[in-house]
Amino acid sequence: MFVFRLYVAGEAQNSVQARANLRALCQAYLPGRHQIEVLDVFREPARALEDAIFMTPTLIKLAPASVRRIVGTLSQTESVLLALGLEERLP
């Protein structure tokens, strides 16, 4: 199971885009094998500080092991898969 935490800034365009891109990526490459937690830094600023989030959107891959972070809209699918250590899923 892949576990992701996505930090967003309300309904800012970049945040909306990152949510949509992450959902699409998970449906295409990790169907039925992922969990996504979305946290709004405006609603949970203390949690964002705990995870050292200073820019949004920020994606954290929590599981499987080897925590990874990506900042941005996640629009470059190949780069995102590589950054998350999922290169074996590349087409």
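# Salt bridges and sheet of a predicted model

Reader: In this predicted model, is R5 buried or exposed?
Author: The relative accessibility of R5 is 13%. The cut-off for a buried residue is under 20%, so R5 counts as buried.

Reader: With which residue does the side chain of R5 meet in a salt bridge?
Author: R5 belongs to strand β1, whereas its partner lies in the loop between α2 (45–50) and β3, so the pair ties together parts that are 46 residues apart in sequence. The partner is itself buried, with a relative accessible area of 18%. At 2.8 Å from N to O, the side chain of R5 meets that of D51.

Reader: Which residue forms a salt bridge with E11?
Author: E11 counts as exposed at 65% relative accessibility. The closest N and O atoms of the pair are 3.1 Å apart. The partner is buried, with a relative accessible area of 14%; this residue is R19.

Reader: Which residues are joined into one network by salt bridges that share partners?
Author: A salt bridge of 4.0 Å, N to O, brings together the side chains of R47 and E44. R47 is partly exposed at 25% relative accessibility, and E44 is partly exposed at 31%. Through shared partners, the network comprises R5, E37, E44, R47 and D51.

Reader: Which strands form the edges of the sheet?
Author: The open sheet has 4 strands in the order β2-β1-β3-β4, with mixed pairing. An edge strand pairs on one side only, which holds for β2 (34–40) and β4 (68–71).

Reader: At about what angle does helix α1 run to β1?
Author: Helix α1 (residues 13–29) lies across β1, β2 and β3. Its angle to β1 is about 170 degrees.

Technical notes
Residues numbered from 1 in each chain as written. Predicted model: local features only at pLDDT ≥ 70, side-chain atom pairs only at ≥ 80, totals over all residues. Heavy atoms only, no water. Pairing = 2+ DSSP bridges. Helix = DSSP H or I, 4+ residues; strand = E, 2+ residues; numbered from the N terminus. Contact = heavy atoms within 4.5 Å. Axes fitted to C-alpha atoms, helices over the stretch in contact; angles between N-to-C directions. Buried < 20%, exposed > 50% of the residue type's maximum accessible area, 1.4 Å probe, protein only.
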